[in-house]
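Okay, thanks for making time, everyone. I'll put the structure up on the screen and then walk through a few spots in it.

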Amino acid sequence: MSLMEIIEVPDPILRQQSQPVEDVNDELRGLIKNMLDTMYDAPGIGLAAVQVAVPRRLLVIDLQEPESEEEDAEAVRDPHVFINPEIVYRSDARKSYNEGCLSIPDQYAEVERPDIVRATWIDENGQRREGEFGGLMSVCLQHEVDHLNGVLFIDHLSRLKRDMIVKKVVKARRDKEKAAIL
Ligand code: ZN
């Protein structure tokens with residue numbers, strides 16, 4: 001198992017536009033495996049490559065409840081890999097969901113997004129895929145595709161709320177570093 005470092009706000013890497021993946025090869029599949037390991041370890045339900053400092057249009061999602069303590073956690077895993085995903089339809093109906101992000105640790109906020117989306121992507125075998133998603137999968141996919149465009153869930157909030165959340169993350173990290181020195 002190989003874990004990658006997850007980049008946190010306000011690192012400018014998170015604001016980069018990710019570039020399309022050109023070739024689905026073993027090197028990419030290795031990266032996908034490391035991203036899944038990193039996501040399960042965090043634990044989280046979605047991770048975009050740019051969050052581990054690889055600005056390519058690639059993301060992984062697994063909506064199974066993260067239960068890293070469970071012995072059979074691996075048995076219930078249901079990983080989804082999206083390469084070069086494009087959202088091609090967004091419903092007018094919107095829904096709000098309490099979102100968090102591995103790059104914005106321990107902070108959550110209600111974000112309103114289109115309820116249903118349709119997407120196209122390439123899977124880890126290089127096959128072109130298309131699907132329609134609702135519920136948590138729709139929320140997660142939109143959140144992760146935002147990452148590929150340098151957009152974070154806090155960008156959907158007021159400027160005041162956004163600045164407050166980033167300040168809290170920076171302060172928490174500084175406190176943790178101080179504690180480590182003592
Ligand atoms: Zn995120």
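So, let's start with the strands. Keep in mind as we go that this is a predicted model. Strand β1, residues 46–48, pairs with β2 in the antiparallel sense, over 3 bridges. In that pairing, Leu 47 stands opposite Val 60 of β2. On to the next partner: β2 is joined to strand β3, residues 80–90, by 4 bridges, and those two run antiparallel as well. There Val 60 stands opposite Val 81 in β3.

What covers the two faces of β2? In a regular strand, side chains alternate between the two faces of the sheet. In β2, which is residues 58–61, Leu 58 and Val 60 sit on one side, Leu 59 and Ile 61 on the other, and all of them are buried.

Now step back to Arg 57, in the loop between β1 and β2. Which side chain of opposite charge is nearest to Arg 57? That's Glu 86, but at 6.1 Å, and Arg 57 has no salt bridge even though it is buried. The cut-off for a salt bridge is 4 Å, so a pair at that distance doesn't count. What the side chain of Arg 57 does have is backbone oxygens. One belongs to Ser 18, 3.0 Å from a polar atom of the Arg 57 side chain. Another is the backbone oxygen of Leu 148, which the Arg 57 side chain reaches at 3.3 Å. If you leave out neighbours within four places in sequence, the contacts of Arg 57 include Gln 17, Pro 20, Phe 82 and Asn 149.

Next, the metal. Which residues coordinate the zinc ion? They are Cys 101 through SG, and His 143 and His 147 through NE2 in each case, at 2.1 to 2.3 Å. Written as a pattern, the donor spacing is C-x41-H-x3-H. Both histidines lie in helix α2, residues 135–148, and they are 4 residues apart, about one turn of the helix. Are they buried or exposed? His 143 has a relative accessible area of 7%, so it counts as buried. His 147 is at 0%, so that one is buried too.

Staying in helix α2, have a look at Val 139. Its relative accessible area is 15%, and the cut-off for buried is under 20%, so Val 139 counts as buried. Setting aside neighbours within four places in sequence, Val 139 is in contact with Tyr 97, Glu 99 and Arg 113. Its C-alpha is 9.8 Å from that of Asn 98, with those positions 41 residues apart along the chain.

Two of those contacts bring me to the charges. The count comes to 12 salt bridges. In one of them, Glu 99 meets Arg 113 at 2.7 Å, N to O. That pair links strand β4, residues 94–101, where Glu 99 is, to strand β5, residues 104–114, where Arg 113 is. Arg 113 also forms a salt bridge with Asp 146, with the closest N and O atoms 3.0 Å apart. This second pair ties helix α2 to β5, across 33 residues. Glu 99, Arg 113 and Asp 146 are linked in a network of salt bridges. Glu 99 and Arg 113 are buried, and Asp 146 is buried as well.

One last pair: Glu 130 and Arg 118 form a salt bridge at 3.1 Å, N to O. It links strand β7, with Glu 130, to strand β6, with Arg 118. Arg 118 has 28% relative accessibility, so it counts as partly exposed.

Key
Residues are numbered from 1 along each chain as its sequence is written. This is a predicted model: local features need pLDDT of at least 70, side-chain atom pairs count only at pLDDT 80 or more; totals for chains, interfaces and linings use all residues. Side-chain values use heavy atoms; hydrogens and water are left out. Buried means under 20% relative accessible area, exposed over 50%, partly exposed in between (1.4 Å probe, protein chains only). Two strands pair if DSSP finds at least two bridges between them. Lys and Arg count as positive and Asp and Glu as negative; His and the chain ends are not counted. A polar contact is a pair of N or O atoms within 3.5 Å; within protein, one must be able to donate a hydrogen and the other to accept it, and residues adjacent in sequence count only if both atoms are side-chain atoms. Contact means heavy atoms within 4.5 Å. Donors are N, O and S atoms within 2.8 Å of the metal (3.2 Å for Na, K and Ca); water is not among the atoms, so sites may look incomplete.
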